[in-house]
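Trainee: Could you walk me through this one while I have it open on the screen?

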Amino acid sequence: MSTSEGWRIPAVEALRVTEATRVADLNTNGTPGFDGDKALGARLLEQRGAVLSGLQEMLFAGARTTDEHRSVLLILQGMDTAGKGGVVRHVIGHVDPQGVDHASFGVPTPEEKRHHYLWRIRRELPRKGQLGVFDRSHYEDILVVRVHDLVPRTEWETRYDEINAFEHDLVESGTTVVKVAMFVSLDEQKSRLAERLDRPDKYWKYHPSDVTERGYWPKYQEAYQAMLDRTSTEHAPWFVIPSDRKWFSRLAVTELLIDALERLDLSWPPADFDIEAEKLRLARS
Ligand code: AMP
Ligand code: MG
């Protein structure tokens, strides 16, 4: 594994959840593994964003022209204002939109409520050759659902194993799953919510329930801890991203995606025509 500029420890190592990870003690302002400052982070985001874009195009090209059937799925979890939308805009924004299968998951609709909680998830899984992005996911069904006991405990308790099995099948079928948990401090969330209340262009992101949920912070931390403890697996590990500094969280997710794509060992699909003959034909045309 190579270390890229600014990283003392590769992001995949520095950010991967361990048995010692404690959500309640996390330094959300930290930049684990990365020694640079905001200016370097911003410069690298552009540079590495271009690398990400090239890799994604290779995955896409393979699925269009060969029997390449693999895909990558980025799962973003985090409290409101953690920066999930910023990752979509500033990281995934580097990638050709036609190669991205994006989905966000809010409060289940009446139709979704009539189905198993994984029903709406399965419908949005990335197609072959695509980079899937989930802004929230099936993990809501063990986070908000657990915090508020939206279903009885006996029911949400079974979901950890069920999710592990679901993701295992997903990985077996060729989807690399990159799970990113973004954490901001209670104070940082407060100032981000305050900004939403101060700016007309941000009102739309604000919801009064965001403040209500702040009252459940310790219960959310407990739910996130259980999620990390029980659903970080060999086939689909969690990465924990301190997210008080937006430039860091965006750079970190870029690195995780680059690593996932590089591990696919992709290459450009070969021409399925006679290149020299086509050059001649073109010259004569
Ligand atoms: P946002 O991401 O700001 O659009 O908010 C979406 C809201 O939907 C959040 O408050 C989530 O907790 C909520 N949500 C997402 N999935 C579920 C679910 N399965 N059950 C209940 N609420 C959910
Ligand atoms: Mg919100």
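Mentor: Let me start with a term: a polar contact is a pair of N or O atoms within 3.5 Å. Bear in mind as well that this is a predicted model.

Trainee: Okay, so how far is the nitrogen atom of ligand 1 from a polar backbone atom of glycine 106?

Mentor: That distance is 3.2 Å, between a nitrogen atom of ligand 1 and a polar backbone atom of glycine 106. An oxygen atom of ligand 1 also lies 3.1 Å from a polar backbone atom of valine 107, and a side-chain N or O atom of aspartate 141 is 3.1 Å from a nitrogen atom of the ligand.

Trainee: How much of the accessible area of ligand 1 does the protein cover?

Mentor: On its own ligand 1 has 500 Å² of accessible area, and the protein covers 71% of it.

Trainee: And what sort of residues make up the shell?

Mentor: The shell around ligand 1 divides into six nonpolar, one polar and five charged residues, and among them are Phe105, Pro108, Arg120, Arg136 and Leu150.

Trainee: Switching topic, in what order do the strands of the sheet run?

Mentor: The open sheet has five strands in the order 2-3-1-4-5, with parallel pairing. Strand 2 (100–104) and strand 5 (238–242) are at the edges with a single partner strand each, so one side of each is left without a neighbour in the sheet. On average, neighbouring strands are turned by 20° against each other, direction ignored.

Trainee: Which residue in strand 3 is the bridge partner of aspartate 101?

Mentor: Glycine 132 is the bridge partner of aspartate 101, and strand 2 pairs with strand 3 (residues 131–135) over five bridges in the parallel sense.

How values were computed
Residues are numbered from 1 along each chain as its sequence is written. Chains are lettered from A and ligands numbered from 1 in the order in which they are written. This is a predicted model: local features need pLDDT of at least 70, side-chain atom pairs count only at pLDDT 80 or more; totals for chains, interfaces and linings use all residues. Side-chain values use heavy atoms; hydrogens and water are left out. A residue is near a molecule or strand if one of its heavy atoms lies within 4 Å of it. A polar contact is a pair of N or O atoms within 3.5 Å; within protein, one must be able to donate a hydrogen and the other to accept it, and residues adjacent in sequence count only if both atoms are side-chain atoms. Accessible areas come from the Shrake-Rupley method with a 1.4 Å probe; for residues, only the protein chains shown count as cover. Ala, Val, Leu, Ile, Met, Phe, Trp, Tyr, Cys and Pro count as nonpolar, Asp, Glu, Lys and Arg as charged, and the others, Gly among them, as polar. Two strands pair if DSSP finds at least two bridges between them. Helices (H or I, at least four residues) and strands (E, at least two) are DSSP runs, numbered from the N terminus. Axes are lines fitted to C-alpha atoms, for helices over the stretch in contact, and angles run from 0 to 180 degrees between N-to-C directions.
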